[in-house]
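Student: Could you take me on a close look at one part of this model, and then show me how it sits among its surroundings?

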Amino acid sequence: MARAHVGKQALLDRCLAALADALGRVEGETELLVVANDGRVPRAPRGVVVPGAPELGFAGGVAAGLAIARGEWVALVNDDCLVAPDALVELLAAGETDGRVGSVAAQVLFAATGAVNSAGLEVDELGVARERALGLPALAGREPLEVFGA
């Protein structure tokens, strides 16, 4: 599910092209939902546009998409993100490793530097949550780690 913003059709086009490639690598049925959180109907030739509204905000836009999503797993992707070709396959594989897994988090990198923006949330011994590996170099080749949130 991709979430669209006002005036960012070029970003959305790149995002949807990357998602289409990644979805094409997933075995089984997939669907692509595009939540139009700005109230406009974006071009989404490979997706189903879900009406939204600016007053819904981020959480409301996600809820609008989740309300009609049919899959067991849902990838929430903002329109300014580019999904790596094998990312969805790898995330699904991580999610299927144990029946207790309820969500998985991808490693998100800053485009300009390649540094980690997020690799899931972790909680320290005082109960304070923070983005794992924020600002560090990409975490290539690492085994999946337990995260507090995605």
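**Helix H3 and beyond**

Tutor: Gladly! Helix H1 (9–24) is among what covers the buried residues of H3. Keep in mind as we go that this is a predicted model.

Which residues of H3 are buried? Helix H3 spans residues 87–95, and its buried residues are Ala87, Leu88 and Gly95. These residues lie on the same side of H3, because they cover an arc of only 90 degrees around the axis. An α-helix has 3.6 residues a turn, so residues three or four places apart point the same way.

Leu88 leads us on to the interior. The largest nonpolar core has 14 residues, and Leu88 is one of those with the most contacts inside it, a group that also includes Leu16, Leu19, Leu32, Val34, Val77 and Val83. The elements that give two or more residues to this core are H1 and H3. H1 provides the largest share, 6 residues. So H1 turns up twice in our picture, because it helps to cover the buried residues of H3 and gives this core its largest share, while the buried side of H3 is a single arc of only 90 degrees.

From Val77 in that core we can step across to helix H2. Ala63 lies in H2, and its C-alpha is 13 Å from that of Val77, with their places 14 residues apart in sequence. Ala63 counts as partly exposed because its relative accessibility is 43%. Val74 is in the loop between helix H2 (57–68) and strand S4 (77–78). With 37% relative accessibility, Val74 is also partly exposed, and together with Leu66 and Leu76 it forms a nonpolar patch on the surface, with about 250 Å² of accessible area in total.

Now for some charged pairs. The whole structure has 8 salt bridges. One of them joins Arg100 to Asp98, with 2.7 Å between the closest N and O atoms. Arg100 is exposed at 74% relative accessible area, whereas Asp98 is partly exposed at 27%.

Another group centres our attention on Glu122. Its side chain meets that of Arg132 in a salt bridge (3.2 Å, N to O). This pair links distant parts of the chain, with Glu122 in strand S7 (residues 121–123) and Arg132 in the segment after S8, 10 residues apart. Arg132 counts as buried, because its relative accessibility is 14%. Salt bridges that share partners join Glu122, Asp124, Arg130 and Arg132 into one network.

Key: Residues are numbered from 1 along each chain as its sequence is written. This is a predicted model: local features need pLDDT of at least 70, side-chain atom pairs count only at pLDDT 80 or more; totals for chains, interfaces and linings use all residues. Side-chain values use heavy atoms; hydrogens and water are left out. Patches are made of residues with over 30% relative accessible area and no salt bridge: like charges are joined within 9 Å, nonpolar side chains (Val, Leu, Ile, Met, Phe, Trp, Tyr) within 5 Å. Accessible areas come from the Shrake-Rupley method with a 1.4 Å probe; for residues, only the protein chains shown count as cover. A salt bridge is a side-chain nitrogen of Lys or Arg within 4 Å of a carboxyl oxygen of Asp or Glu. Helices (H or I, at least four residues) and strands (E, at least two) are DSSP runs, numbered from the N terminus. Buried means under 20% relative accessible area, exposed over 50%, partly exposed in between (1.4 Å probe, protein chains only). The arc is that of the directions from the helix axis to the C-beta atoms. Contact means heavy atoms within 4.5 Å. A nonpolar core is a set of buried Ala, Val, Leu, Ile, Met, Phe, Trp, Tyr and Cys residues joined through side-chain atoms within 4.5 Å.
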